[in-house]
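Colleague: Hi! Could you walk me through this one? I'd like to start with the helices and then move on to the strands.

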Amino acid sequence: MWSKSYSVVTKDVTGQQMWKLFADVNHWHTWDTGIEFARMEGRLEKGNFFTLRPKGGPNVKIELLETIENEMFLDVTRFPLAKMYDQHTFEHTPDGLRITNTITVTGPLGFFWRKVVAQKIVDNLPADVQQQIRAAKAL
């Protein structure tokens, strides 16, 4: 298993604003420059699925494993002989909202998928989270 997290504390947005941003999956492409599109029918809730196409990549089906409105969501992408989990957490602290994104890869071919997919996601987290904050603030 391989896991990496990135956190930032900000007073610029609330958990509700971040949730609203992520819950509108069909508009992720308007603020996430790394994807061509994301599509979901229904709500951002446990058991639902969405499809995402990274720029230059294939469509990926992602399942929502856990959701707590305005606080967190956990999803999983299944690859051959590996799984990648992506957890987004919005925690209220005295210093502001702590936004944490954790990527975890498991499975016999986890090392391969970490190198091909997950490490790029982790490397971009600081810039991506700042873009998410800017987009959520504008809501």
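Modeller: Happy to, and note that this is a predicted model. Let's begin with helix α2: its buried residues are G110, W113, A118, V122, L125, V129, Q132, I133, A135 and A136.

Colleague: What covers the buried residues of α2?

Modeller: The cover includes strands β1, β5 (72–79), β6 and β7, along with helix α1 (15–23).

Colleague: Where does α2 bend?

Modeller: The bend is at L125 and amounts to about 60 degrees. A proline, P126, follows within four residues. L125 itself is on the list of buried residues in α2.

Colleague: And how far apart are the end C-alpha atoms of α2?

Modeller: They are only 35 Å apart, although the helix has 28 residues. A straight helix would reach 40 Å at 1.5 Å a residue, and α2 falls short of that.

Colleague: I noticed a glutamine in there. Is Q132 buried or exposed?

Modeller: Buried. Its relative accessible area is 7%, and the cut-off for buried is under 20%, so Q132 qualifies. Q132 sits in α2, which covers residues 110–137.

Colleague: Which residues is Q132 in contact with, leaving aside its neighbours within four places in sequence?

Modeller: M18, L21, F22 and W31. M18, L21 and F22 are themselves buried residues of α1.

Colleague: What else is buried in α1?

Modeller: G15, Q17 and W19 are buried there too. What covers the buried residues of α1 includes α2, plus strands β4, β5, β6 and β7.

Colleague: Good, on to the strands. Why would you call β7 largely enclosed by the rest of the structure?

Modeller: Because nine of its eleven residues are buried. The strand spans residues 96–106.

Colleague: Which strands are joined to β7 by bridges?

Modeller: β1 and β6 both are. Strand β1, residues 2–10, runs antiparallel to β7 and is joined to it by nine bridges. Strand β6, residues 82–93, also runs antiparallel to β7, with eleven bridges between them.

Colleague: Can you give me a residue pair for each, so I can find them on screen?

Modeller: Sure. For β1, look at K4, whose bridge partner in β7 is I103. For β6, F90 has I99 of β7 as its bridge partner.

Colleague: How many residues does the hairpin between β6 and β7 go through?

Modeller: Two. There is also a salt bridge to look at here: the side chains of R98 and E91 meet at 3.3 Å, N to O. R98 is partly exposed at 29% relative accessibility, and E91 is partly exposed at 37%.

Colleague: Let's switch to β3. Which strands does β3 pair with?

Modeller: β2 and β4. Strand β2 (residues 35–39) and β3 (residues 49–54) are antiparallel, with four bridges, and F37 has R53 as its bridge partner in β3. On the β4 side (residues 60–68), four bridges join the strands, again antiparallel. There, T51 stands opposite K61.

Colleague: What's in the turn of the β3 and β4 hairpin?

Modeller: Five residues lie between the two strands, and G56 in the turn has a positive phi of about 80 degrees.

Colleague: Back to charges. How many salt bridges are there in the whole structure?

Modeller: The search finds five. One of them is R53 with E36, at 3.5 Å from N to O. R53 is in β3 and E36 is in β2, so this pair ties together parts that are 17 residues apart in sequence.

Colleague: How exposed are R53 and E36?

Modeller: Both are partly exposed: R53 has 27% relative accessibility, and E36 has 38%.

Colleague: Which residues are linked in a network of salt bridges?

Modeller: R43, E45 and E69. Within that network, the side chains of R43 and E45 meet at 3.6 Å, N to O. R43 is exposed, with a relative accessible area of 53%, whereas E45 is partly exposed at 38%.

Colleague: Great, that gives me plenty to look at. Thanks!

Key
Residues numbered from 1 in each chain as written. Predicted model: local features only at pLDDT ≥ 70, side-chain atom pairs only at ≥ 80, totals over all residues. Heavy atoms only, no water. Buried < 20%, exposed > 50% of the residue type's maximum accessible area, 1.4 Å probe, protein only. Pairing = 2+ DSSP bridges. Contact = heavy atoms within 4.5 Å. Salt bridge = Lys/Arg side-chain N within 4 Å of Asp/Glu carboxyl O. Expected span 1.5 Å × (residues − 1). Bend = angle between axes of the 7 residues up to and from the residue.
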